Amino acid sequence: MNQLIRNTLRKGLYTSNIIRSFALKLGLIKTDLKSPHLGHLSLYNEYYLRGAAQKEETLFLFSIIKMVRPSIIVEFGFSRGHGSLNFLYAMDHDSKLYSYDISDIAKEIATSTFNDFTNFKYIHKSMLDFLPEDIDNNKIDFLYMDAVVDNDSLNFDTFEKILPNLSENAILAVHDSGTWQKKHFHEFHKEYTVKHGGKGWISDEEYQPRPNQRKFVNRVMEKYQDFEIIHLHSERTIRCGITLLQKRKFLKTASKENDQLTHELSLN
Ligand SMILES: C[S@@+](CC[C@H](N)C(=O)[O-])C[C@H]1O[C@@H](n2cnc3c(N)ncnc32)[C@H](O)[C@@H]1O
C-alpha cells in the first residue's frame with residue numbers, strides 16, 4: 001500500500017469513530033477490544049464537588065491502579081464511596097481494598113451498598129487508630145489519603161504510624177493538596193470560600209480549599225527527604241489536586257556501577 005493511502009487511512013482511524021468501528025468489524029485493525037470500563041465516571045463531577053475527587057482526578061486514579069496493579073489498597077476517608085467505587089472498578093479481582101471512615105453515613109453506605117464486593121472491607125474507625133490486623137497484616141501498595149481533618153497532625157501522625165506497613169514500592173496519593181484559581185471559579189467555589197470564612201486565600205487570586213492537606217505534605221517533605229514527591233496541580237482549571245509520594249529508589253540495571261550506587265543509596 002502506498003504511503004499516501006496509508007496516511008489517509010490512518011487519519012480516518014485517528015479522527016473518526018465510524019471509520020474505527022468499520023475497520024474493527026472488517027478485521028482491518030487488530031486491537032484489544034476489552035477497553036477499560038469507564039461508565040462509572042458519569043457519576044463524578046468535575047466542578048461541583050462534594051468531597052470526592054474530581055472526574056478527571058478519578059480518571060487519573062483509575063489509570064494509576066490499572067498501570068501499577070497494586071495488590072493492597074487502603075483509603076482513608078470513605079465518605080459516600082466514590083473513591084472506593086473507582087478503585088474497585090480499576091483493581092484486579094485478587095486485589096483488596098480497605099477503606100476507613102468515622103461518619104455514620106459512610107458506615108451505612110459501605111455496609112448497604114458495597115456488600116457485594118468481596119474484595120472490599122470497610123473499617124469504621126479513625127485512620128489514626130490503624131492497626132496492621134485491620135488490613136489482615138498485609139503491606140500497603142497504594143494508600144489514598146482523603147480524610148478531611150481539622151489539623152495536619154492527624155494526617156502526619158497517621159502517616160508515621162503507617163510507614164512500617166508500606167510495601168517497598170508503595171505509592172501514596174494525597175488528595176486536595178492543590179489550590180483553586182479565582183479566575184476559574186464557578187458559583188460553587190464562590191460559595192465555598194464564603195462558607196469557610198475566606199481563610200484559605202493565599203493571595204487575591206489563589207485559594208487553598210484544604211490547607212491541612214498542604215501543610216501535611218510540606219511536613220512530610222521536610223522530614224522524609226527519602227520520598228519523591230510530585231504535585232499534580234493546575235492553574236489552568238479548577239483542580240483540587242493530588243500529591244504523589246514514593247520512596248526514592250535507583251532502578252536496578254545489569255551494570256555493576258549502577259548496582260553499587262543502588263547499594264550505597266540503600267545504606268544511607
Ligand atoms: C473528602 S471525604 C472523602 C471522600 C472519599 N474519599 C470519596 O472519594 O468520596 C472525607 C471523609 O473523611 C472522613 N474522616 C474524617 N476524619 C477521619 C479520620 N480521622 N479517619 C477516617 N476518616 C475520617 C470524613 O468522615 C469524610 O467522610
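A residue counts as near a molecule if its C-beta atom, placed from the backbone, lies within 6 Å of that molecule. Keep that in mind as we look around this predicted model.

**Around the ligand**

With that cut-off, 23 residues surround the ligand, and Gly51, Ala52, Gly77, Ser79 and Gly83 come nearest. Which elements give two or more residues to this shell? They are the strands β1 (72–76) and β2 (96–101), together with helix α4 (82–90). Sorted by class, the shell around the ligand holds twelve nonpolar residues, seven polar ones and four charged ones.

**Two domains**

Let us step back to the whole chain. It is divided into domain 1, covering residues 1–35, and domain 2, covering residues 40–247. Taken over C-alpha atoms, the centres of domain 1 and domain 2 are separated by 39 Å.

**Two pairs of packed helices**

Two packed helices are described by the angle between their axes and the distance between the axes. Here are those values for two pairs in this model.

| Helix pair | Angle | Distance between axes |
|---|---|---|
| α6 (residues 152–162) and α8 (residues 211–223) | about 40° | 8 Å |
| α3 (residues 55–68) and α4 | about 35° | 9 Å |

Why is α6 called oblique to α8? The angle between α6 and α8 is about 40°, and angles under 35 degrees count as roughly parallel while 65 to 115 count as roughly perpendicular, so this one is oblique. The crossing of α6 past α8 is right-handed. On the α6 side, the contact is made by Asp152, Asn155, Phe156 and Phe159, and on the α8 side by Asn212, Lys215, Phe216, Arg219 and Val220. By class, this contact of α6 with α8 has four nonpolar, two polar and three charged residues.

Now for α4 again, which also gives residues to the ligand shell. Helices α3 and α4 make a right-handed crossing. From α3, the residues Thr58, Leu61, Phe62, Ile65 and Lys66 meet Asn86, Phe87, Tyr89 and Ala90 of α4. The contact of α3 with α4 has six nonpolar residues, two polar and one charged.

Note on methods: Residues are numbered from 1 along each chain as its sequence is written. This is a predicted model: local features need pLDDT of at least 70, side-chain atom pairs count only at pLDDT 80 or more; totals for chains, interfaces and linings use all residues. Domain bounds come from an automatic or database domain assignment. Helices (H or I, at least four residues) and strands (E, at least two) are DSSP runs, numbered from the N terminus. Ala, Val, Leu, Ile, Met, Phe, Trp, Tyr, Cys and Pro count as nonpolar, Asp, Glu, Lys and Arg as charged, and the others, Gly among them, as polar. Axes are lines fitted to C-alpha atoms, for helices over the stretch in contact, and angles run from 0 to 180 degrees between N-to-C directions. A crossing is left-handed if the near helix is turned anticlockwise from the far one by less than a right angle, and right-handed if clockwise. Two residues are in contact if their C-beta atoms, placed from the backbone, lie within 7 Å.
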